[in-house]
Amino acid sequence: MTQRTFFQTADELKQLLCHLVSIPSVTGTKAEQEMGKTIYDDLGQLPYFQTYKEQLRLHPTGDGRYVVAALAKHSNKKKTVVLISHYDVVDVQDYGVWKDRAFSPEKLTDYFYNSKEVLPPQVKRDVETGNWLFGRGTMDMKCGLALHMSMIEQAANGAFDGNVLLLSVPDEEVNSAGMRSAVTLLLQWQKTYDLEFELMLNGEPMFARYPGDETNYVYTGSIGKIMPAFYCYGKETHVGEPFAGLNANLLVAKLTSELELNVDFCEVVEGQVSPAPTSLMQRDLKEEYSVQIPHRSVGLYNLTIFNRSIMTLNQMLLEAAERVASSVEEHYHKRAWKYGALSHSAPRDVKVRVMTYEQLYEYAILHHGQEHVESLHAHLLQSLETIDERERSIKLVDELAILCKELAPMIVLFYTPPYYPAICSTDHPLIQSLVKNVVTTAKETYAIALEEQLYFGGISDLSYAGLQDELQEVEPLIANLPLWQKGYAIPFSEMSELRAPVFNVGPIGRDAHQWTERLELDYAFGPLKELIEQVIHETFSFSNHKAVSNDE
């Protein structure tokens, strides 16, 4: 009698995907908490996990959410492929009038196919030539999760010559609390079940490198991301006497002008160019309207990383801030002199100090005592426990700057969560072999062209699947991240113990985080499924061949 399958045929996988998408697991919501339990229950249907119940677990992240871990163990084998996915999604406000259908992919798809006139031209062309499924999470990344559930079912039925460990996590879209928590779990299971990790395989969808890019990619790494911030403290004054103070909004505006799309921060590695920096937040810190000028403000920026060290980046940011400080001083000087000529008054100049959060903290301790500073921060953290990590970071810097306001005018460089280290395994022999064979199979068997890209550009949890930097190289980040070990941490030491290479093979999709997010179904549940199977088979074959060669 043929054994029943749950997640193998194209119809079963589409049904599973629609089921996963129907749960509105927006990051930070109750539905995200329930999503982990749903995946656990779905995997619990498999006969294997009804027998080996301890190998299917919900691992709490400490905030009401769970990492789902499922291990299909092959007798006494040690070689293991780890499948990494995330099950959270971004919100659906961008869907507008179709918001209520965002988590009903079949209904939304039927509507768009029957109302093509509402679609942008490129989307309309896609639906006229392909088999697309619309909806939040269809491509990013519940299709990858569905395919990984298919692989774990196969592994449970003995399809692979090694172990397969599925890891699906929450919170990838915000702070990656799930994957940061999962690193410790991986090391625990490695020891408990005597596992040797051979490959960290992610299933994030293909991301366009530029508007209109329709190239199909496999990725041998994942881009890094860091969130530098500049706190600006000017000098307070009444709007009737603007030259008696310094508006902090001028400082932050000049900083944004200096950093926004500044290609000097871009890196080029084997033809791949990292995205230019861009502003993510810019505002003053006044809590109510008054005719006092805003004298405290902040700007947060998105920077991406390939190979550049944090130490180098830190220096580049400080140099940018020094240029801004000089520009503001010159701006103020010129306009103060012009006003002085009009009003027959004596103008004065300003001097803007540039410093790091670490320097500000050390100054505060020197002049106010460590006990006072730590008490101030502890009380503040307790009162801000439920607010966003970036807001908490800003508040910590703000309170410290107010305590040390004699240093103003000043620009203070600090960092906020999240930080994603760059990772790339393109030089690893296994990855080189996998890329070559996947590209060849896709072309010769399915007439699909795939290209290797070194860094997945959409930011992914693969960043925490290993550590390519030396631990001392992240010191400038740790020293200038106010929330470090105060609500945010990265398990750098544990990450350094994960030695397996990383690889990402995922579906064809379009418009992640947009109301036109969609997945190409024919590739996803046909060629892609078979390519992932090939990757797992080849990984075990490669590692077994390597072991035999070493024995000889």
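This report describes helices, cores, hollows and unusual backbone angles in a predicted model.

## Two helices

Helix H1 covers residues 10–21, twelve residues in total. From its first C-alpha to its last, H1 reaches 16 Å, close to the 16 Å expected at 1.5 Å a residue. Several residues of H1 are buried: Glu12, Leu13, Leu16, Leu17, Cys18, Leu20 and Val21.

Helix H9 runs over residues 310–343 and has 34 residues. At 1.5 Å a residue, H9 should span 50 Å, and its end C-alpha atoms are 48 Å apart, so the two values agree. Just after H9 comes histidine 344, with a positive phi of about 55°.

## Nonpolar cores

The largest nonpolar core contains 82 residues. Met200, Ile411 and Phe492 have the most contacts inside this core. Which helix gives the most to the core? That helix is H9, with twelve residues. A second, separate core has 78 residues, including Leu46, Leu145, Leu199 and Tyr217.

Isoleucine 411 can be followed through its contacts. Residues up to four places away in sequence are not counted here. Isoleucine 411 then touches Phe230, Tyr231 and Cys232, as well as Leu251 and Leu255. The list continues with Ala321, Val324 and Ala325, and it ends with Val352, Arg353, Val354 and Met355.

## The cavity

The structure has one cavity of 30 Å³ or more. The largest cavity holds about 40 Å³ of space. Its lining consists of Phe265, Glu267, Leu303, Thr304, Ile305, Arg308 and Leu313.

Sorted by class, this lining has four nonpolar residues, one polar residue and two charged residues. Strand S13, residues 296–305, gives the most to the lining of the largest cavity, with three residues.

## The second largest pocket

The volume of the second largest pocket is about 530 Å³. A total of 20 residues line this pocket. Nearest its centre lie Asp63, Arg65, Asp171, Ala177 and Glu389.

Three helices give two or more residues to the lining of the second largest pocket: H2 (30–44), H7 (177–192) and H12 (389–403). H7 provides the largest share, three residues. What classes of residue make up the lining of the second largest pocket? The residues divide into three nonpolar, nine polar and eight charged.

## Tryptophan 484

Tryptophan 484 sits in the loop between helix H14 (475–479) and helix H15 (492–495). Is tryptophan 484 buried or exposed? Its relative accessible area is 16%, and buried means under 20%, so tryptophan 484 counts as buried.

With neighbours within four places in sequence left aside, tryptophan 484 is in contact with Ile478, Ala489, Ile490 and Phe492. Phe492 is also one of the residues with the most contacts inside the largest nonpolar core. Proline 347 is 137 residues from tryptophan 484 along the chain, and the C-alpha atoms of these two residues are separated by 43 Å.

## Unusual backbone angles

Most residues other than glycine have a negative phi, and most peptide bonds are trans. The model contains exceptions to both patterns, and some are described here. Leucine 261 has a positive phi, near 60°. This residue lies in the loop between helix H8 (248–259) and strand S10 (268–269). Leucine 261 counts as exposed because its relative accessibility is 56%, and the class begins over 50%. Aspartate 511 also has a positive phi, about 65°, although it is not a glycine. Aspartate 511 is found in the loop between strand S19 (509–510) and strand S20 (518–520). With a relative accessible area of 23%, aspartate 511 is partly exposed.

Two peptide bonds can be named as cis. Where is the one with omega near -15°? That bond runs from aspartate 140 to methionine 141. Methionine 141 belongs to helix H6, residues 138–156. The bond from proline 417 to proline 418 is also cis, with omega near 0°. Proline 418 is located in strand S15, residues 410–420.

Notes:
Residues numbered from 1 in each chain as written. Predicted model: local features only at pLDDT ≥ 70, side-chain atom pairs only at ≥ 80, totals over all residues. Heavy atoms only, no water. 1 Å grid on protein atoms, 1.4 Å probe; cavity = no way out; pocket = protein on both sides within 12 Å on 5 of 7 lines; lining within 4 Å. Points joined across faces, edges and corners; volume = space filled by probe spheres on them. Helix = DSSP H or I, 4+ residues; strand = E, 2+ residues; numbered from the N terminus. Nonpolar A, V, L, I, M, F, W, Y, C, P; charged D, E, K, R; others polar. Expected span 1.5 Å × (residues − 1). Buried < 20%, exposed > 50% of the residue type's maximum accessible area, 1.4 Å probe, protein only. Contact = heavy atoms within 4.5 Å. Core = buried A, V, L, I, M, F, W, Y, C linked by side-chain atoms within 4.5 Å.
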